[in-house]
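This report describes how helices and strands are arranged in one structure, taking up individual helices before turning to a sheet. Please keep the sequence and the model at hand while reading.

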Amino acid sequence: MISTKGLTFKYDNQDAVFKFPDIELGESENLLILGKSGIGKTTLLHLLAGLLRPMDGSIEIDDVPIHGLSNKQLDRFRGQNIGLIFQNNHAVQSLKVVENLKARLFFAKKSVSPPRIADLLEHLDIADCTNKKVRELSEGQLQRLGIAMSIVHQPQVILADEPTSSLDDDNCNKVMQLLMEQADANDANLIVITHDQRIKPLFTKKLEL
């Protein structure tokens, strides 16, 4: 469950103050965040992930007020409970695909399940990349690896920044189906920001900034 109230944020080098609508998501509810560039979609996503701290307001995830956690507590909470899908890939270039996934599980303090990793890569159509180094992957494969890294530890919240932007229709459908299945299987919340009009029909809850 996610609840935000009176959320505002200001970057140090800018005068503009972002003011965000309140969010209330119950168990397993998903949300699509829409809006033009520069309106604060990614900023809001980073606030929800605890990567930025609000100027004012509160953020609660599963009744935990993350805006009040120390940096160490926040790192631990994020590592175990939040899955992040960025536009830029954050995989370790020198490691193989499977090693990146095992590392993500290690930092989340979750046990490694080779069958689960294999099934996840199969669903994302990158099973043939299991033992490839990250630098050998195409742009689309990198994006799908980023998605695998965000959900392999079965988080309670999945936050996705343009997860389908570089994917064709077939892989777009596969990725969105997988994200929604993972969210449903773990009673998790899925929040997506996007310009991709193809995925709008998949969401009943939408927030326009």
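Which residues of α4 are buried? In this predicted model, I117, L120 and L121 are the buried residues of α4. Viewed down the axis of α4, the buried residues fall within an arc of 95 degrees, so they line one face of the helix. An α-helix has 3.6 residues a turn, so residues three or four places apart point the same way. P115 and E122 lie on the other side of α4, where they are exposed. The buried residues of α4 pack against α3, α5 and α6.

A comparable description can be given for α3, which spans residues 97–107 and whose buried residues are V97, V98, N100, L101, R104 and L105. These residues cover an arc of only 160 degrees around the axis, which puts them on the same side of α3, while F106 and F107 are exposed on the other side. The cover over the buried residues of α3 includes α2 (71–81), β7, α4 (114–123) and α5.

The residues with positive phi that come after these two helices are listed here.

| Helix | Residue after the helix | Phi |
|---|---|---|
| α3 | K109 | positive, near 60 degrees |
| α4 | D125 | positive, about 65 degrees |

Helix α5 (residues 139–151) and helix α6 (residues 169–185) have axes that come within 11 Å and cross at roughly 5 degrees. Angles under 35 degrees count as roughly parallel, and α5 and α6 are therefore roughly parallel to each other. On the α5 side the contact is made by R144, I147 and I151, which meet N171, V175, L178, L179 and Q182 of α6. Sorted by class, this contact of α5 with α6 has five nonpolar, two polar and one charged residues.

The model also holds an open sheet of five strands, in the order β7-β8-β9-β4-β10 and with parallel pairing. Its edge strands are β7 (82–85) and β10 (206–208), each of which pairs on one side only. On average, and with direction ignored, neighbouring strands of this sheet are turned by 15 degrees against each other. At one edge, β7 runs parallel to strand β8 (residues 157–161) and is joined to it by four bridges, with G83 standing opposite I158 in β8. Helix α5 packs on the sheet, where it touches β7 and β8, and the direction of α5 makes about 170 degrees with that of β7.

Terms used. Residues are numbered from 1 along each chain as its sequence is written. This is a predicted model: local features need pLDDT of at least 70, side-chain atom pairs count only at pLDDT 80 or more; totals for chains, interfaces and linings use all residues. Side-chain values use heavy atoms; hydrogens and water are left out. Axes are lines fitted to C-alpha atoms, for helices over the stretch in contact, and angles run from 0 to 180 degrees between N-to-C directions. Helices (H or I, at least four residues) and strands (E, at least two) are DSSP runs, numbered from the N terminus. Angles under 35 degrees count as roughly parallel, over 145 as roughly antiparallel, 65 to 115 as roughly perpendicular and the rest as oblique. Contact means heavy atoms within 4.5 Å. Ala, Val, Leu, Ile, Met, Phe, Trp, Tyr, Cys and Pro count as nonpolar, Asp, Glu, Lys and Arg as charged, and the others, Gly among them, as polar. Two strands pair if DSSP finds at least two bridges between them. Buried means under 20% relative accessible area, exposed over 50%, partly exposed in between (1.4 Å probe, protein chains only). The arc is that of the directions from the helix axis to the C-beta atoms.
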